[in-house]
Amino acid sequence: MDEQPVDEQPAPGVPAPARPASRRAAIEAVDVTRSYSFGDTTVQALRGVSFTVDDGEYTAIVGPSGSGKSTLMHLLGCLDRPTSGTLRVGGRDLRELSDAELAELRNREIGFVFQAFQLLPRSTAVDNVALPLLYRGVKGAERRERAAQSLRAVGLGHRLTHRPTQMSGGEQQRVAIARALVGEPRILLADEPTGNLDSRNGAEVMRILEQLNAERGVAVVLVTHDDEVAGRARRQVRVRDGLVERDTAAEHGTAAGGGAA
Amino acid sequence: MKGLEAFRVALDALRGNRLRSLLTTLGIVIGIAAVIVVVSIGAGARQQIESQVEGLGSNLILVVPGQFDTQNLSSNAAAVSTLQRDDGDLLADVVGDPDAVTARLTSGAQVRAGAVEQFVTVQGSDQNLPEVFTRPVAEGQFFTGTDVEARRRVAVLGSRTAETFFPGADPVGRQITVAGTRFQVVGVLAEQGESFGVSQDNEVHVPITVAQRLFGLQRVDAFAVKSPSAAQVPELSRRLWRVLKAEYPDQTFSAVTQTQILGVIGDILGLLTAVLAAIAGISLLVGGVGVSNIMLVSVRERTREIGLRKALGARQRDVLVQFLVEAVLLTSVGGVIGIALGVSGSLLIDGLSPLPASVEWWSPVVAFVVSAAVGVFFGVFPARRAGRLDPVVALRAD
Ligand SMILES: Nc1ncnc2c1ncn2[C@@H]1O[C@H](COP(=O)(O)OP(=O)(O)OP(=O)(O)O)[C@@H](O)[C@H]1O
Ligand SMILES: [Mg+2]
């Protein structure tokens with residue numbers, strides 16, 4: 001693994017997939033719905049979404065508030081199960097998996113980056129980043145070593161023992177990215193990762209995500225309200241009222257996600 | 001997640017909330033300490049009584065009228081004694097030694113010597129008492145068989161009684177008045193010691209013939225018989241009983257051995273200790289409920305943390321184990337503190353108060369296991385609740 005600090009690299013313009021030739025579906029959703037019911041009212045957050053994320057793809061999901069973007073992200077990330085429809089992650093049908101298997105699947109295949117960072121406030125950066133490895137049964141020393149590597153990869157080699165409260169928002173989100181990355185997942189899901197950041201820190205976070213996609217071939221799916229951020233992605237998916245309104249990949253007739261932007 | 005990791009995570013969480021952890025565990029601390037102290041006092045009391053009963057000599061058999069009630073350690077109170085002094089000869093024939101049997105009649109009376117006056121236990125005894133009960137005479141001598149038969153008004157004092165009525169002086173040869181009758185003191189018994197602050201030395205012995213006349217009684221309360229050897233005790237007690245039964249077929253008698261008495265005392269003390277320990281254990285229960293409550297609060301406070309851990313790959317089981325270990329750690333630490341307090345408390349009580357206390361080796365071990373078990377029992381519910389949280393919902397919590 002090459003571990004050059006990202007700070008020394010120029011920001012790539014349009015991220016290029018690492019291995020365009022060997023693509024296959026990392027996540028496959030077919031006619032997926034998700035509804036929430038309380039009492040006799042039922043809210044249909046997703047009303048039949050078909051959507052595929054290929055290995056190494058870089059996708060931006062946009063859409064108005066309440067359209068179902070987060071709901072979709074939770075399904076893609078195996079945090080939730082669809083009400084109906086088929087969802088395959090890493091080739092495995094979620095319906096056939098137990099809750100424990102689902103937990104293992106998201107531990108191995110998925111890296112999550114949240115809008116609100118979601119770091120453990122009392123733990124150091126290294127301990128926060130090492131958390132996914134804890135649930136994979138990796139030993140303490142190796143865990144910390146890999147966590148430190150991951151932190152260096154997002155340019156935080158000098159913040160290893162800092163706690164979240166001692167770091168800026170941008171730094172905290174980079175710790176969260178390092179955590180999403182440490183388990184070497186196939187897909188990185190980021191729900192409004194820059195939503196709580198100012199534009200400079202937001203740009204830095206985006207640059208890191210793009211670079212990870214370009215250099216490591218990690219598929220990135222990010223939700224954003226920022227048109228400029230969305231515009232830099234090769235593929236854009238617009239969600240509205242629980243349906244996919246527009247998918248640039250489909251428009252170009254290349255289901256594997258051709259170059260857009 | 002391995003057990004050791006769960007332990008470290010739990011320790012971190014408890015450390016982050018030191019004061020609350022300490023307060024939560026206080027109920028367990030108090031409960032464990034109280035149970036240990038109660039059990040220690042029970043054990044100490046048993047040891048003291050056993051050593052006192054054994055001090056009487058393990059060869060002792062008590063012959064009492066009525067049915068010996070093993071529940072109350074007394075003969076049936078309703079039965080009026082039919083034992084006469086002469087019956088002692090029957091018993092002596094069985095043992096084959098006239099000096100191995102002593103009769104006893106117990107009462108109490110106002111006793112006066114000079115300006116000192118007090119109500120004291122008066123024992124009607126005969127010359128064989130020092131031998132049968134192994135009670136050496138410290139000063140003077142015990143009254144003789146002639147004194148008993150001739151109904152001489154002589155008295156032998158317990159060591160405390162001697163000190164009460166004749167402080168700093170030798171009572172032998174002095175006069176005392178028992179229930180208005182004058183007696184001459186001929187001896188003082190050696191000190192026997194206390195049991196629960198009640199002295200065995202606070203009594204006056206007079207010839208049983210005199211006591212019968214003094215209290216207007218014909219009867220004898222009991223005979224004490226000393227068996228030649230411990231091995232002969234069971235057989236001898238049966239034979240004693242048979243002889244009396246043959247003489248008085250319509251009446252009931254009991255021949256009680258020291259083993260029986262010890263058994264009964266053990267049962268009573270065991271029951272008493274169990275009841276008191278159970279009462280003390282209620283504090284443990286309350287402490288456990290407190291732990292459960294705080295764990296529920298903790299689960300609620302850390303809902304986001306739980307959601308995050310699940311999002312990163314923690315299984316339901318991992319989260320459950322994490323919170324269960326936390327609860328068990330909490331109560332175990334409380335248990336250890338409670339054990340330390342209970343053991344040192346017991347030692348202090350034994351040293352500084354009249355109550356005896358003896359820490360049984362198993363009580364700290366059991367206490368530790370119980371405190372950990374309380375953690376499991378009261379931690380399971382909050383831990384399961386934590387494990388079952390839906391990660392999406394949990395991550396949204398604030
Ligand atoms: N747990 C839930 N219970 C009930 N309704 C829910 C739940 N989660 C989401 N919804 C509903 O589903 C719809 C989609 O919500 P979702 O969070 O996916 O929107 P979003 O596109 O992410 O919006 P935003 O841009 O504001 O984050 C909304 O109408 C929301 O009220
Ligand atoms: Mg959202």
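Here is a short walk through a surface patch on chain B and two backbone spots on chain A, all in a predicted model.

Let's start on the outside of chain B. Eight side chains are worth picking out in your viewer: B:Val336, B:Trp361, B:Trp362, B:Val365, B:Val366, B:Phe368, B:Val369 and B:Val370 make a nonpolar surface patch of about 760 Å². Helix α12 of chain B, spanning residues 362-388, supplies the largest share of this patch, with six residues. If you color that helix, you will find B:Trp361 in the loop between α11 (316-352) and α12. B:Trp361 counts as exposed because its relative accessibility is 69%, and the cut-off for that label is over 50%.

Now turn to the backbone of chain A. A good place to stop is A:Phe117, in the loop between β6 (110-113) and α3 (125-134). This residue has a positive phi of about 65 degrees, although it is not a glycine. With a relative accessible area of 11%, A:Phe117 is buried, because that term covers values under 20%.

Further along chain A, look at the loop between β7 (187-191) and α6 (199-216), where you will find A:Glu192. Here, too, phi is positive in a residue other than glycine, with a value near 45 degrees. Is A:Glu192 buried or exposed? Its relative accessibility is 17%, so A:Glu192 counts as buried.

To put the stops together, the tour runs from an exposed tryptophan, B:Trp361, to the buried residues A:Phe117 and A:Glu192.

How values were computed: Residues are numbered from 1 along each chain as its sequence is written. Chains are lettered from A and ligands numbered from 1 in the order in which they are written. This is a predicted model: local features need pLDDT of at least 70, side-chain atom pairs count only at pLDDT 80 or more; totals for chains, interfaces and linings use all residues. Side-chain values use heavy atoms; hydrogens and water are left out. Patches are made of residues with over 30% relative accessible area and no salt bridge: like charges are joined within 9 Å, nonpolar side chains (Val, Leu, Ile, Met, Phe, Trp, Tyr) within 5 Å. Accessible areas come from the Shrake-Rupley method with a 1.4 Å probe; for residues, only the protein chains shown count as cover. A salt bridge is a side-chain nitrogen of Lys or Arg within 4 Å of a carboxyl oxygen of Asp or Glu. Helices (H or I, at least four residues) and strands (E, at least two) are DSSP runs, numbered from the N terminus. Buried means under 20% relative accessible area, exposed over 50%, partly exposed in between (1.4 Å probe, protein chains only).
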